[in-house]
Amino acid sequence: MCCLLANELHNRGFKVIVVSLCRFFYQKNIFSLNPGIRQYSIRHNRIERKLFRYGMLNKIPLYRYRKILAKEAIDVIIDVDIHQTLVSAEASEGLNIKIVSWDHFCHRRFRNWDIYNDIMSCYKSGAVDKLVVLTNADRKSHIDKENLPQSFVCHISNPSPIQQNHFIRHDTKRVLAV
């Protein structure tokens, strides 16, 4: 979804960069990304990633991320995973950058995560400008169960890279689940 969204925004004339919190700078992308999109990685090796997971070296990736945000004069961050929202909120503090948190999980599952309260605090503190969820049911759940404002939570389904240029015949009895 990140590459699909980045490519489409780039095609519409926006300056787009992709910052990865997990991928190493020397790894190639699995999905194609327009060559005009600049890419960054804030973790340089496996040791840093492991230390970050265990709460060590947390400030180094934040410093690198903040440096990228300032250098590139970013206006809007779209976090393609709500885990990243905590990092983006801290790294962009005081930089006047809008944050859109894009949730790819159902709300019911999200409520069982260890960092659930931290993410909800981030939403309720105003550090995040918009929460995007995949279904109307999740939108309603976030509003009703988390007491988030209706204007804060919006529903946008995942885009599909598959183009349909013809009608699908419904008289066959084949089913494909992906």
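These legends accompany close-up views of a predicted model.

**Figure 1. Overview of the predicted fold.** The protein has seven helices and six strands. Along the sequence they run α-β-β-α-α-β-α-β-α-α-β-α-β. The pattern thus opens with a helix and ends with a strand. The protein counts 178 residues, and 35% of them are buried. Its exposed surface comes to about 12300 Å². Carbon and sulfur atoms supply 54% of that area. Take the contacts between residues at least 6 apart in sequence: 47% of these join residues at least 24 apart.

**Figure 2. Helix α4 against helix α6.** Helix α4 spans residues 82–91, and helix α6 spans residues 116–125. Their axes come within 10 Å and cross at roughly 60°. That angle makes α4 oblique to α6, because it falls outside the 65 to 115 degrees that count as roughly perpendicular and is not under 35 degrees. The crossing is left-handed. On the α4 side, the contact uses I82, T85, L86 and A89. On the α6 side, it uses D118, I119, C122 and Y123. Six of the contact residues are nonpolar, one is polar and one is charged.

**Figure 3. T85 in the α4 helix.** T85 is found in helix α4. Is T85 buried or exposed? Its relative accessible area is 0%, so T85 is buried. Beyond its neighbours within four places in sequence, T85 contacts D79, S101, C122, Y123 and V128. Two of these partners, C122 and Y123, belong to the α6 side of the helix contact. T85 and D118 are 33 residues apart in sequence. In space, their C-alpha atoms are 10.0 Å apart.

**Figure 4. Helix α3 against helix α4.** Helix α3 covers residues 59–71. The axes of α3 and α4 come within 9 Å and cross at roughly 65°. This crossing is right-handed. Helix α3 brings K59, L62, Y65, R66 and L69 to the contact. Helix α4 answers with V87, S88, E90 and A91. Here the contact residues divide into five nonpolar, one polar and three charged. For handedness, set this view beside Figure 2: α3 and α4 cross right-handed, whereas α4 and α6 cross left-handed.

**Figure 5. D138, a buried residue of helix α7.** D138 lies in helix α7, which spans residues 136–146. How does D138 count, buried or exposed? Its relative accessibility is 11%, so D138 counts as buried; the cut-off for buried is under 20%. Residues up to four places away in sequence are set aside in this view. D138 then touches F105, C106, H107 and V133.

**Figure 6. L4 and a distant stretch of the chain.** L4 sits in helix α1, residues 2–11. With 29% relative accessibility, L4 counts as partly exposed. Which residues does L4 contact, leaving aside its neighbours within four places in sequence? They are P159, S160 and P161. L4 and S160 are 156 residues apart along the chain. Their C-alpha atoms are separated by 8.5 Å.

**Figure 7. Q39 in strand β2.** Strand β2 runs over residues 38–43 and includes Q39. Q39 has 35% relative accessibility and therefore counts as partly exposed. Its C-alpha atom is 6.0 Å from that of V19. Along the sequence, Q39 and V19 are 20 residues apart.

**Figure 8. Two asparagines with positive phi.** Most residues other than glycine have a negative phi. N96 is not a glycine, yet its phi is positive, about 55°. Where is N96 placed? It is in the loop between α4 and β4, the strand of residues 98–102. At 73% relative accessibility, N96 counts as exposed. N147 also has a positive phi, about 60°, although it is not a glycine. N147 lies in the loop between α7 and β6, the strand of residues 153–155. Its relative accessibility is 67%, so N147 counts as exposed.

Methods:
Residues are numbered from 1 along each chain as its sequence is written. This is a predicted model: local features need pLDDT of at least 70, side-chain atom pairs count only at pLDDT 80 or more; totals for chains, interfaces and linings use all residues. Side-chain values use heavy atoms; hydrogens and water are left out. Axes are lines fitted to C-alpha atoms, for helices over the stretch in contact, and angles run from 0 to 180 degrees between N-to-C directions. Helices (H or I, at least four residues) and strands (E, at least two) are DSSP runs, numbered from the N terminus. Angles under 35 degrees count as roughly parallel, over 145 as roughly antiparallel, 65 to 115 as roughly perpendicular and the rest as oblique. A crossing is left-handed if the near helix is turned anticlockwise from the far one by less than a right angle, and right-handed if clockwise. Contact means heavy atoms within 4.5 Å. Ala, Val, Leu, Ile, Met, Phe, Trp, Tyr, Cys and Pro count as nonpolar, Asp, Glu, Lys and Arg as charged, and the others, Gly among them, as polar. Buried means under 20% relative accessible area, exposed over 50%, partly exposed in between (1.4 Å probe, protein chains only). Accessible areas come from the Shrake-Rupley method with a 1.4 Å probe; for residues, only the protein chains shown count as cover.
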